[in-house]
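Trainee: I would like a close look at a single part of this chain. Please pick one helix, walk me through its surroundings, and then place it in the rest of the fold.

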Amino acid sequence: MTDQFLGKIRLEITTGEHKSTWEYSSFGTLMINFTSSFSDDSEPSSTTVDIFNLSQDSQNFIQKGSYVVLSAGYQDDIGVISEGTINYVYPRTSDGNGEIKSSFTFLEGEDYSKKEINLSLSNGISAQDVITRVSQAAGIPISEINLQKEKSYSDGYSVEGSAMDALTEVAEDAGSKLFYKRGRIIINAVTNSSDNALVYDAQHGLIGFPQPLDWSSDDDIAGYSVELLLNHRITVGQGIKLNSRYGGGGIYHFRNGEHSFDGTSFRTTGEII
């Protein structure tokens, strides 16, 4: 059996006080496709969902601002791929042969890019305190702060404009990154995850050969791009060990990637460093 026949998708949409659930399996009649990205960027990741041949009543349930939970996996191992708020609903399309496609996108986490503040902080303030003061002033919740090095600003620190730009800059000054993980804002190093590493080889989910991302001057490989059978556990920072003659040894971490189902294959792809 291929992953198409073992895979399952569950889509829950809440509009107002009403929730509707749709499911895909190889034994059902409803087709759901999706692409769901994740990355170490300082902006929310986006997911696009296509549902085929919905009734008009079901289509009306899909609205901008509705809350979505997308889950996928195999048999009894199904987990959340992404969840968030619909930000765009596409017009329905038809292929001329009776196949009608309903599509929408949703963002994982709230977009704070338009939050602006005016703030001046005292001489000698630490990066940790700058992050705390800026996030409080802008109303931006940060779920985890783990700076990789100490940093202070002898001349103080001022923000006049984007709070997210300031938070991103201070995080980088302190050897870390600001990114979204499962919709929550994290400041940490992508490679500093506490998640248990997942082990992959050709018999256990690894598809094809890992492709090197880059080489440094001493020919050390900086990381790989990989293709795997879909695994809902994988997101930014997830550790992975490759048992492959073309890539392996040590633990790598995902810095970006994508979960998808195109009607045939359930896949997780991404870059590991």
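Mentor: Start with a loop residue, Lys149. Its relative accessibility is 47%, so Lys149 counts as partly exposed. This is a predicted model, so read every value as computed from it. Lys149 sits in the loop that joins β11 (144-145) to β12. Beyond its neighbours within four places in sequence, Lys149 is in contact with Asp173, Ala174 and Gly175. That leads to our helix. α4 covers residues 163-173, and Gly175 follows α4. The phi of Gly175 is positive, near 75 degrees. Lys149 also gives a long-range reference: its C-alpha lies 20 Å from that of Ile273, with the two positions 124 residues apart along the chain.

Now go to the other end of the helix. At the start of α4, a side-chain oxygen of Ser162 comes to within 3.4 Å of the backbone nitrogen of Met164. Met164 is itself one of the buried residues of α4. The others are Ala163, Ala166, Leu167, Thr168, Val170 and Ala171.

What covers those residues? Two helices are involved in the first part of the reply, α4 and α3. The cover of the buried α4 residues includes α3. It also includes strands: β9 (116-121), β12 (152-153), β13 (157-162), β14 (177-181) and β15 (184-188). Note β12 in that list. The loop that carries Lys149 runs between β11 and β12.

Next, the helix pair. Two packed helices are described by the angle between their axes and the distance between the axes. The axes of α3 (residues 127-138) and α4 come within 10 Å. They cross at roughly 165 degrees. An angle over 145 degrees counts as roughly antiparallel, and α3 and α4 are therefore roughly antiparallel to each other. The crossing of α3 past α4 is left-handed.

Look at the residues that meet. From α3 come Ala127, Val130, Ile131, Val134, Ser135 and Ala138. From α4 come Ala163, Leu167 and Val170. The residues of this contact divide into eight nonpolar, one polar and no charged. Ala163, Leu167 and Val170 also appear among the buried residues of α4.

Stay with the strands that cover α4 for one more residue. Arg182 is in the loop between β14 and β15. Both of these strands help to cover the buried residues of α4. Arg182 has a positive phi of about 55 degrees, although it is not a glycine. Its relative accessible area is 30%, so Arg182 is partly exposed.

Asn53 makes a useful companion case elsewhere in the chain. Asn53 lies in the loop between β4 (45-52) and α2 (56-61). Its phi is near 60 degrees, a positive value in a residue other than glycine. With a relative accessible area of 42%, Asn53 is partly exposed.

Now some buried strand positions. Take Ser82 in strand β6 (residues 77-89). At 3% relative accessibility, Ser82 counts as buried. Its side chain makes a polar contact with the side chain of Glu108, at 3.3 Å. Leaving out residues up to four places away in sequence, Ser82 touches Ser36, Thr47, Val68, Val69, Leu70, Phe106 and Glu108.

Thr268 can be read in the same order. Thr268 belongs to strand β22 (residues 266-272). Its relative accessible area is 0%, so Thr268 is buried. The side chain of Thr268 makes a polar contact with the side chain of His259, at 2.8 Å. Among the residues Thr268 touches, not counting those up to four places away in sequence, are Val226, Leu228, Leu230, Ile234, Glu258 and His259.

Leu242 is another buried strand residue, at 1% relative accessibility. Leu242 lies in strand β19 (residues 239-244). Its C-alpha is 32 Å from that of Glu23, and the two residues are 219 apart in sequence.

Finally, step back to the whole chain. The secondary structure comes to four helices and 22 strands. Along its principal axes, the C-alpha trace spans about 65 × 50 × 30 Å. Of the 273 residues, 45% count as buried. Among contacts with a separation of 6 or more, 61% are between residues 24 or more positions apart.

Key. Residues are numbered from 1 along each chain as its sequence is written. This is a predicted model: local features need pLDDT of at least 70, side-chain atom pairs count only at pLDDT 80 or more; totals for chains, interfaces and linings use all residues. Side-chain values use heavy atoms; hydrogens and water are left out. Buried means under 20% relative accessible area, exposed over 50%, partly exposed in between (1.4 Å probe, protein chains only). A polar contact is a pair of N or O atoms within 3.5 Å; within protein, one must be able to donate a hydrogen and the other to accept it, and residues adjacent in sequence count only if both atoms are side-chain atoms. Contact means heavy atoms within 4.5 Å. Axes are lines fitted to C-alpha atoms, for helices over the stretch in contact, and angles run from 0 to 180 degrees between N-to-C directions. Angles under 35 degrees count as roughly parallel, over 145 as roughly antiparallel, 65 to 115 as roughly perpendicular and the rest as oblique. A crossing is left-handed if the near helix is turned anticlockwise from the far one by less than a right angle, and right-handed if clockwise. Ala, Val, Leu, Ile, Met, Phe, Trp, Tyr, Cys and Pro count as nonpolar, Asp, Glu, Lys and Arg as charged, and the others, Gly among them, as polar.
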